[in-house]
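Biologist: Can you put the model up so we can go through it? I have a few questions about cores, sheets and helices.

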Amino acid sequence: MEAAVNNQLVSIEKPEIVAPPDWEPVIIGILCNWCSYAGSDLTGTSRIQYPPNIRIIRVPCSSRVDPWFLIKSLQTTADGVLVSGCHPGDCHYISGNYYARRRFLVTKKLLNFVGFHENRVQFSWVSAAEGPKFAKVVAKVTEDIKKLGPLHLYKKENFEK
Amino acid sequence: MKKITYFPGCSAHGTSKEFDETVKMVMKSLDVQLEEIPDWNCCGATSAHTLSEPLSYALPLRNLVLAEKLDNTTMAIPCASCYQRMKVTKVHLDKNPDLSKDIGTTIVDEGTYQGKIAVKSMLQYCYEDIGLDAIKARVTKSLAGMKLACYYGCLLTRPKAITQFDSPEYPMSMDHIVEALGAKATEFDYKTECCGASFSISNTEVVIRLTGKILEMAKESGAHALVVACPLCQSNLDMRQPQIEKQTGEKYNLPVFYFTQLMALAFGMPEKELMFRKHIVPVEGALAQIGKIEPEPEKVKKPKKAVEAESEAE
Amino acid sequence: MARVGVFVCFCGANIADFVDVPAVVEEAKRIREVKFAIDYKYMCSDPGQQQIRDAIVQHRLTSIVVAACSPRMHEKTFRKALSDAGMNPYLLEVANIREHSSWVHQKDKKAATAKAADLVRMAVAKSIANEQLHEISVPVTKRALVIGGGIAGIQAALDIADARIPVVLVEKSPSIGGKMAQLDETFPTLDCSQCILTPKMVDVASHPYIELIPYAEVLELDGFVGNYKAKIKKKASYVNFKTCTGCGACWQKCPVKVPNEYNMGIDKRKAIYTPFPQAVPNKPVIDARYCTMLTKGKCGICSKVCEKGSIDYKMQDEIIEREIGAVVVATGYDLWDPKPYEEYGVGRFKDIITSLEFERMVSANGPTNGVPVRPSDGKVPKNVVFIKCIGSRDEAKGIEYCSKICCMYTTKHTILLHHKVHGSHSYVFYMDIRAAGKGYEEFVKKAQVDTGATYLRGRVSKIYKKGDKLMVRGEDAQIGQVVEVEADLVVLATAVVPNKDNPDLARLLGVSYDKYGYMSEAHPKLRPVETAKAGIFLAGCTQAPKDIPDTVAQASACAAKVCGIFAGDTMKKDPMISTVNKEFCSGCQNCVTVCPYGAIVTEEVPMGHGSKEMRTVAKINEGVCQGCGSCVAVCRSMAISLAGFTDPQIINEIVSI
Amino acid sequence: MDYTNQIREIASKLFAEGKIDVFVGYRMTGFDENQVPALIRDPNEVSKLVFTDKSVFNLTNYLKQDHTRNKRIGMVVKGCDSRALNLLLTESQVKRENLHIVGIPCKGVVDENGNKMQNCIECIFPNPVVFDEMVDGTPTGSEAPPYQVNTDIQNIAAMDLVERRAYFEEVFESCIRCNACRHSCPMCYCAKCCIDQETSTLYHGANTTSSAFHALMTWSLHLAGRCVDCRNCEKACPSHLPLHLLHKWNEQVIYENFQEHLAGVHEGDRGAFYKYSMKDPDDFIM
C-alpha cells in the first residue's frame with residue numbers, strides 16, 4: 001500500500017547555525033479539524049504533556065493547506081512546520097488528504113532542494129483517537145528542530161508586522 | 001527435455017527408496033531431467049522448528065542457496081516434510097528479505113539467497129507442470145478396475161498461505177492423477193486427516209487410533225488401496241497396519257502406494273523394478289483388481305416433461 | 001480600524017493553575033487592535049457571556065476573541081452570545097488555551113503562559129480578517145426516495161408517508177417484502193412473519209403518498225440535500241401491470257421451470273412468475289434470462305392464455321426521473337456462501353443446508369409444506385446438527401464480525417424442528433450464545449428446556465459421510481473432548497453479509513462504505529442513521545447486521561430525520577463554504593476536478609462590464625459545498641476563498657506569532 | 001533543421017483556404033542572426049516567416065489570453081510547445097476548433113552561442129503530441145524513450161545542504177522581481193496573478209531575497225506537474241537565473257514518486273496535483 005519515497009537528497013544532521021542558549025524554536029502546526037485537531041484536543045483532555053513550542057492553526061482539511069502556507073511560515077515566523085491530517089481513507093471530506101499528500105511530498109522535496117533540512121517541514125496522520133500519538137509527533141518535531149537550530153535565512157529582514 | 005532441481009531428502013535414501021526410484025523412473029520417461037543439489041543437507045524437519053526458529057530457517061536456506069546455483073527455475077521435492085520446510089522458509093524469506101542476512105550466519109554461508117527458484121512438491125510438479133494430458137498420453141497399461149483412496153496427509157496442501165496449491169481441506173490433485181492413470185478415486189473424507197506420525201515413537205496408542213480411523217474410512221469408501229505422496233504417511237499407514245488390525249480386530253488389507261509407483265506401473269514399467277517387495281501389506285490383492293471392471297449400472301432416463309434451464313439459475 | 005475584545009477564561013482551575021491568566025490579558029492589551037481585554041472565572045457561564053455582550057455594546061467591538069477551551073467545545077455557545085448582542089456570530093475566534101496549553105504544559109507555567117499569549121495573538125490577528133457570514137438557506141423538494149422494499153424500506157416509507165410527505169419506494173425484485181417475507185416465524189415471540197409483514201406490504205401498495213416502483217433500480221442520483229434528482233430504471237416486466245388482473249393463468253401454463261429464489265432453489269418456479277403468493281404488487285413478471293420467447297423467439301403460451309392481452313414481449317426498460325429531497329437506503333443483506341468450509345464437505349454433501357434453506361422448508365408455505373426433509377433422499381431428518389458462526393467471527397475463512405442474528409434464529413429453528421418433527425433432536429454447536437435483547441435470553445433458556453436440544457460449546461472440525469449419515473466431529477470445550485454426532489441433516493448458520501450491490505450503490509450515491517461493503521454511518525454512536533452525505537440515511541442491514549426490531553427502529557429513525565429536513569420550506573446551512581471571485585477566475589477548472597462533492601460547475605460571464613464576449617468561470621453550488629477547501633488550495637489564481645478559513649485569516653495567524 | 005519553405009507554403013495555403021485569420025511563427029530580428037515571434041495577418045507577409053534551429057521561443061505563450069475565442073490561429077509548434085498547448089486545451093484556455101497547428105519534428109534548437117540547448121539534448125518528446133499537420137509528414141512515432149534525469153539537477157542534488165542553500169540564496173538574491181519569467185511562461189495565464197492581488201498577503205516587502213524566495217517557490221509549485229521545460233522563462237530572465245532547476249526538480253520528484261507522465265503529454269491530464277493514487281508514497285508521513 002505504501003510506496004517508498006524516491007529522490008533522496010544529501011542532508012546533513014549537524015545544526016545549521018549555533019543557537020543562542022535561551023533559544024526556543026517556534027513551530028507552526030496546521031491541523032485538520034476532524035482528525036488531528038480533535039486528536040490534539042484529546043491529548044489535552046488526557047493531560048499528556050508535550051513541548052510548548054508548537055502553535056496550532058486549525059483548518060477544515062489537510063487539503064486546505066496550500067503549499068505556500070509552509071513557505072510563508074518558514075519565510076516569516078517559524079523554525080519548523082508540522083501539518084497533520086486524517087489517516088488515508090479516513091478523510092472527513094472523502095479524498096482531501098490524498099491530494100494533500102502529493103502536494104506535501106513535492107513541497108518537502110523542493111524545500112530540501114533549495115537548502116532546507118527535510119525535518120523543517122514534517123507531516124503526520126493523527127486520528128481523533130490518537131491523543132498520545134499527537135504528543136509523540138510534537139515531541140519528535142520539536143526535538144528535530146532544536147537539533148537544527150534557528151532558521152534565520154530569508155526571514156523577517158524586510159517584514160513589517 | 002526439461003531440467004529441474006531435485007531435493008531427495010533423507011528418507012529417499014532409506015525408508016522410501018521406492019519413492020525415490022520410481023520418481024526417477026517416471027521423470028525420465030516424462031522427459032524431465034532431475035538434477036540433484038550437490039552437498040544438500042537435512043531440511044531440519046520436525047526437530048529444528050520446535051527448538052530453534054533461526055535454525056529451522058537456516059537449514060533449508062542453505063539448500064535453497066545451493067539449489068539456486070544450479071540455474072533451474074523449479075525445484076521439486078518428493079518428501080512432504082522436506083517440501084514443507086523448504087516452502088515455509090522460502091515464503092518467509094520472500095516476504096521478509098532481511099531475514100536471510102540474520103540467519104545466513106547460523107550455518108556455513110554458501111552465498112546470497114535471491115528467491116528466484118520455485119519450490120514445489122513432486123505431486124504439485126506432476127499436476128501443474130507436467131499436466132494430466134501428458135500423464136494420460138504416457139499411459140500404456142491402464143489401471144482401470146482399481147479403486148484408490150488418495151491420502152494427502154497434513155503437509156502437502158496446508159497451510160494454504162504457504163503451499164499455495166490445491167484445496168487445503170479437500171484436495172483433488174492426486175485424485176485427478178490416479179484417474180488419469182485409469183484407476184477410480186474413491187470419495188474419501190479422511191484424505192487430509194492427521195495420521196499422528198509425530199507420535200509414532202513417543203505415543204504409539206494415538207497413532208494407532210488416528211491411523212486406524214483413516215484405514216477404516218478408506219476401506220469404507222470402497223478402496224482397494226491407499227495412495228500417498230509422503231514417506232512418513234506411507235510408513236505409518238503401511239507399517240502400522242498389522243498392529244492396528246490386531247488392536248481393532250478388523251482386516252483392512254490396504255496396501256499403501258506412492259503415486260509415482262502407480263504412475264510407473266501405468267507407464268508400463270516392469271513390476272519388479274517398482275520395489276513392491278518393500279511394502280509390509282502385500283500388494284498383490286490390490287494389483288489383481290486391475291482389469292476387473294464392474295459394469296456401470298445403467299441410468300434410467302427420465303422422460304422429458306418440461307424444458308429445464310438450470311444451467312444459469314441460482 | 002478593527003476593535004477587538006479579548007476574553008480570557010480561567011476555566012476554574014483548569015486554565016488558571018497552569019497559565020498566568022492576568023499576564024495573558026496584559027499581553028493581549030498590548031496588541032494595537034485590542035480595545036478591551038478581561039479575564040473571568042467561567043467565560044461560558046451566563047455572567048461570563050453577559051460580560052461579552054456588555055463589552056460589545058460598550059466598546060463598539062468589531063470582533064471578539066475568547067481564550068478558553070477548544071472551539072469544538074464552546075464555539076457555538078459564544079457565537080450565540082455575539083448574536084444576542086447584535087453582532088454577527090462569525091466575528092468570533094476562539095483561542096484554545098486549555099487543550100492546547102494549560103492541560104499539556106502543566107510543568108512549565110512560564111512556557112504555557114507565553115504560548116497562551118501567542119495563541120491569543122494569533123486569534124486576534126485572525127479575527128481582524130474575519131468577515132460577516134450569514135447562514136445559507138436552501139430550498140427543499142419535499143419528496144423522499146426509499147431504496148429497497150424489505151421491512152426497513154417498508155417501515156421508513158410508511159412512516160414518512162404517514163407524515164403526508166410523498167415517498168418513492170424503489171424495489172429491485174418484482175415484489176416488496178425482502179428477506180422477512182421468506183421467514184416462517186420470528187424470534188423471540190414466534191409471530192408468524194407473513195402475518196405481521198403482509199398487512200404492511202398492502203399498506204404500502206394502497207398508501208396515497210407512496211409511489212411504489214417495483215422491479216427497478218436507481219441509476220443516478222445528482223444534486224444535494226433537499227435537491228436531489230434521481231434517475232430510476234424500471235426493468236421491462238413484459239407484463240402490462242395496468243391491465244393485468246393477477247389471475248395466474250400465465251404462470252400456470254408456462255413450460256419453463258427454473259429454480260425458485262424465494263424458496264432458496266429447493267423447488268422450481270416458472271419463467272413468468274410472481275415471487276410468492278402474497279406478493280405486492282401481485283402481478284407476474286417475465287424473467288428474460290429464461291423465457292424461451294425472449295431468448296429464442298419460440299413459445300408465446302403466456303400471451304395466448306392471457307385473457308387481458310397483458311403480455312408484451314416487446315416491452316423496454318423505462319427510465320423514470322424524480323426530484324427528491326432526501327434518501328433512505330435500505331438494501332438489506334445477503335448470506336455468506338459457506339463454500340470455503342471444505343472440511344465440512346460443503347458442496348459435496350447434499351444434506352448440509354443453510355439456515356435460510358431450513359427456514360423455507362419449515363415454513364408453512366414452503367416447498368416441503370412445512371416439514372424439513374433431507375435433500376439427498378427426501379426423508380424427514382431426526383437428528384439435526386445446527387452449527388453457528390459459519391463465516392462469522394472467522395478471520396481465516398469468513399469475516400471478523402458477529403452476524404448478531406444467528407444465535408437467535410438457530411434457537412428458533414430448534415423450536416420449529418421440535419414442533420414439526422416428532423422424536424427429533426437438535427444438536428447446536430456454538431461459540432457463545434449472544435442473546436442480548438428484550439426477551440431474548442428468556443427465549444433461549446425456554447427453548448433449551450422445551451426442546452431438550454443438546455448445546456455443545458465448540459467448533460466443528462470435520463463432517464464426513466458414513467453410510468447415509470453425516471458424522472459431525474467437533475470439540476465440546478466444556479468437557480474438553482472431541483465429540484462425534486451422527487446427523488441426518490446439518491444446518492449452517494451462515495454469516496450476514498452486505499448486499500453485494502452495496503459498493504456500487506454507495507459510489508452512485510456518494511456515500512462511503514466499509515471494508516465489508518456496509519455503508520458507513522456519519523458517527524458510530526451519535527449519528528448512526530445519517531451518512532456523511534447530507535440527506536442520505538441508512539436503515540437496517542445496509543449499515544450493519546440487525547434483527548427485525550432494530551431494523552424497524554432504525555427505519556423509523558430515518559423517517560424522523562427525513563421529516564426533520566422537510567419541516568420547513570428551506571434548510572439552514574453553515575456558511576463556511578467556498579466562493580469564487582469571478583474576476584480572478586481563469587476558468588482552468590482544476591477545482592472542478594478535485595471537488596469531492598461535485599459542488600463546482602462552470603458558468604459563462606461577460607468578459608468585462610457590458611461586454612458581449614463571454615468567458616467560462618467556476619461557480620460553487622452552495623447547497624452542495626461542504627467547506628473542505630480542496631478547491632482553494634488548487635486555485636492558482638487565488639480566486640476561490642473559503643469563508644472562515646480565508647488566506648488572509650490563515651496568513652495573519654502565521655505572521656502574528 | 002530548416003523548415004522555412006515548408007512553413008511559408010503551409011501558411012500561404014491556410015490563408016488561401018480562408019482557414020485562419022492570423023499565423024504565428026518566427027521571423028528574423030532584422031538586426032542580428034536571432035529570431036523573434038511573428039504574427040502574420042496579411043497573406044503577403046508570409047515570406048517573412050522562417051524556421052531554423054534558432055526558432056527557440058515557445059509560441060503558445062501567445063494563446064494565453066484565449067485569442068482563439070474570436071480569431072482562428074495557425075501556429076508552429078515544436079514537441080515541447082505542443083505539450084504546453086495540450087495543457088492549455090485541457091485547462092480550457094483555448095478552443096481547439098479555432099486552431100490550426102503546424103507541427104515541427106524538432107531536432108533541437110540552439111542557444112545564443114550556437115550550442116544545442118541542454119533541454120533539447122535531454123528531450124524525450126521532440127515530436128509534437130498534438131497537431132493538424134506536420135511539415136515533414138506524420139512522424140513514424142516510436143515509444144517514448146525512458147525518462148532522463150537532468151544532469152544539472154544531479155549536480156545540485158549532490159551538493160550538501162549548506163552548499164545548496166548558499167547556491168540558492170544567491171539565486172534568490174539575484175532576482176529583481178521583474179516577473180518576466182511569469183509573462184514568458186505559457187502556463188502562467190491567470191486572469192490576475194496571485195502576486196498582483198491586493199487582498200493576497202502572499203508577498204511582504206518588495207525586492208528582497210525573502211520575497212523572491214517566496215515568489216519563485218510558489219511559482220514553481222504552481223507549475224509543478226505542468227512545466228513543459230520550454231525554458232521561455234530562462235530566456236526571458238534578465239538576471240539569467242537557472243529557473244529550470246526548480247521545475248526540473250519538481251518534475252523529477254513527481255515522475256519518480258507518482259509515476260506520472262510528463263506534463264501535457266496526454267490531453268485531459270491536468271498534472272500530478274489534480275489527481276491522486278492510493279499507492280502514493282506515505283512513509284514520509286509520521
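**Cores and strands**

Modeller: This is a predicted model. In the largest nonpolar core, which has 389 residues, Val227(B) and Val327(C) touch the most other members.

Biologist: Which helix gives the most to this core?

Modeller: That is helix α3 of chain A, residues 96-113, with nine residues in the core.

Biologist: Back to Val327(C). What is Val327(C) in contact with, leaving aside neighbours within four places in sequence?

Modeller: Its contacts are Leu145(C), Ile147(C), Leu221(C), Tyr228(C), Leu509(C), Gly535(C), Ile536(C) and Phe537(C). Apart from the largest core lies another one, of 49 residues, including Ile52(C), Ile56(C), Val66(C) and Phe78(C).

Biologist: Where does Val66(C) sit relative to the strands?

Modeller: Val66(C) is in β3(C), where it is the bridge partner of Phe7(C). Strand β3 of chain C covers residues 63-68 and runs parallel to β1(C), with five bridges joining the two.

Biologist: And what pairs with β1(C) over six bridges?

Modeller: Strand β2 of chain C, residues 34-40, also in parallel. Within that pairing, Val8(C) stands opposite Asp39(C). With helix α1 (residues 21-29) of chain C, β1(C) and β2(C) make a right-handed β-α-β unit.

Biologist: How many residues of β1(C) are buried?

Modeller: Six of the six, residues 4-9, so the strand is largely enclosed by the rest of the structure. Val4(C), Val6(C) and Val8(C) point one way, while Gly5(C), Phe7(C) and Cys9(C) point the other way. In a regular strand, side chains alternate between the two faces of the sheet.

Biologist: Change of chain. What is the strand order in the open sheet of chain B?

Modeller: Its four strands are ordered β2-β1-β3-β4, and the pairing is parallel. The edges are β2 (32-36) and β4 (118-121) of chain B, each pairing on one side only. On average, neighbouring strands of this sheet are turned by 40 degrees against each other, direction ignored.

Biologist: Which helix packs on the sheet?

Modeller: Helix α6 of chain B, residues 122-130, which touches β3 (74-77) and β4 of chain B. The direction of α6(B) makes about 100 degrees with that of β4(B).

Biologist: How many bridges are there between β1(B) and β2(B)?

Modeller: Five, in the parallel sense, with β1(B) covering residues 2-6. Lys2(B) stands opposite Val32(B) in β2(B).

Biologist: Back to chain C, further along. Is Val491(C) buried or exposed?

Modeller: Buried: 30 other C-beta atoms lie within 10 Å, and the cut-off for buried is 20 or more. Val491(C) belongs to strand β27 of chain C, residues 489-494.

Biologist: What does Val491(C) touch, not counting residues up to four places away in sequence?

Modeller: Ile353(C), Ser355(C), Phe358(C), Val384(C), Phe386(C) and His413(C). Lys388(C) is 103 residues away along the chain, and its C-alpha atom is separated from that of Val491(C) by 8.6 Å.

Biologist: What span should helix α5(C) have?

Modeller: With 20 residues (109-128) at 1.5 Å a residue, α5(C) should span 28 Å, and its end C-alpha atoms are 28 Å apart, which agrees. Of its 20 residues, 17 are buried, so α5(C) is largely enclosed by the rest of the structure.

Biologist: Last one. How many helices and strands does chain D have?

Modeller: Nine helices and five strands. Along the sequence the pattern is α-β-β-β-α-β-α-β-α-α-α-α-α-α. Buried residues account for 45% of the 286 residues in chain D.

Note on methods. Residues numbered from 1 in each chain as written. Chains lettered and ligands numbered in written order. Predicted model: local features only at pLDDT ≥ 70, side-chain atom pairs only at ≥ 80, totals over all residues. Buried ≥ 20, exposed ≤ 12 C-beta atoms within 10 Å, placed from the backbone. Pairing = 2+ DSSP bridges. Right-handed = clockwise from strand over helix to strand, strands pointing away. Contact = placed C-beta atoms within 7 Å. Axes fitted to C-alpha atoms, helices over the stretch in contact; angles between N-to-C directions. Expected span 1.5 Å × (residues − 1). Core = buried A, V, L, I, M, F, W, Y, C linked by C-beta atoms within 7 Å.
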